[in-house]
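Dear colleague,

I am passing on the structure we spoke about, and below it you will find my notes on the fold. Please read them with the model open beside you.

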Amino acid sequence: MGVTNEPADDASTLVEVLRQLSDEGYRHELIALGDSDVRCAVCDEQFGADEVTVDGSRHVEVASDPDESSTVIWGTCPNCGQRVVSVLGYGSAASPTDQTTFDRLDVDHSGDTAEPNNKRN
Ligand SMILES: [Zn+2]
């Protein structure tokens, strides 16, 4: 296995978040296409981001490099029902595509859900 002398907050890095999500079945990518459309990597279907059932989101901040900050959003594909995950840039790292996609997704904008296994509602 890898390095063990990482700082304690390493558990909240993008890699760790994605690994945790993968453990919960969110293994497939949801690709932001722009104009708030997304594409599911499983069924290759394209649809509006607002059609995705969002199960949760998490903001991953990289203190040393704000340009690497991102928002991880996970949910269910409305077409094939597979669990999908999308990584969008956050703040200064957000491209126009990231921003419009995030705005269109049915994310709880009031704050991050704490853990990938949290369910909304
Ligand atoms: Zn799909």
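Over which residues at the start of the numbering does pLDDT stay under 50, and how many contacts beyond four places in sequence does the model have for them? The stretch is residues 1-8, and the model has zero such contacts for it, where pLDDT is the predictor's confidence in each residue, from 0 to 100, and two residues are in contact if their C-beta atoms, placed from the backbone, lie within 7 Å. For residues 117-121 pLDDT likewise stays under 50, although here the model has eight contacts beyond four places in sequence. The mean pLDDT of the chain is 85, with 80% of its residues at 70 or more.

This is a predicted model, in which local features need pLDDT of at least 70 and side-chain atom pairs count only at pLDDT 80 or more, while totals for chains, interfaces and linings use all residues. Residues are numbered from 1 along each chain as its sequence is written.

The chain has two helices and six strands, in the order α-β-β-β-β-β-β-α from the N terminus; these are DSSP runs numbered from the N terminus, with at least four residues (H or I) for a helix and at least two (E) for a strand. Among contacts between residues at least 6 apart in sequence, 58% join residues at least 24 apart.

The six strands form an open sheet with mixed pairing and the order 3-2-1-6-5-4, two strands being paired if DSSP finds at least two bridges between them. Its edges are strand 3 (46-48) and strand 4 (53-60), each of which pairs on one side only. On average, neighbouring strands are turned by 30 degrees against each other, direction ignored, the axes being lines fitted to C-alpha atoms, for helices over the stretch in contact, and angles running from 0 to 180 degrees between N-to-C directions.

Strand 1 (residues 28-34) pairs with strand 6 (residues 83-89) in the parallel sense over two bridges, and E29 has V85 as its bridge partner in strand 6. Strand 1 is also joined to strand 2 by four bridges, in this case antiparallel, with G34 opposite D37. Strand 5 (residues 70-76) pairs with strand 6 over seven bridges, again in the antiparallel sense, and V72 has V87 as its bridge partner. In the hairpin of these two strands, which has six residues between them, G81 takes a positive phi near 80 degrees.

Helix 1 lies across strand 4, strand 5 and strand 6, and runs at about 10 degrees to strand 5. In helix 2 (residues 96-104), D98, T101 and F102 are buried, meaning that 20 or more other C-beta atoms lie within 10 Å of their own (12 or fewer for exposed, partly exposed in between; C-beta atoms placed from the backbone). Seen down the helix axis, the buried residues of helix 2 fall within an arc of 100 degrees, so they line one face, the arc being that of the directions from the axis to the C-beta atoms. They pack against strand 1, strand 2 (37-40), strand 5 and strand 6, whereas P96 and D103, on the other side of helix 2, are exposed.

Buried residues make up 26% of the 121 residues in the chain. The largest nonpolar core, a set of buried Ala, Val, Leu, Ile, Met, Phe, Trp, Tyr and Cys residues joined through C-beta atoms within 7 Å, has 20 residues, of which L30, V52, I73, W74, V84, V85 and L105 touch the most other members. Helix 1 (14-23), strand 1, strand 2, strand 5 and strand 6 each supply at least two residues of this core.

With best wishes
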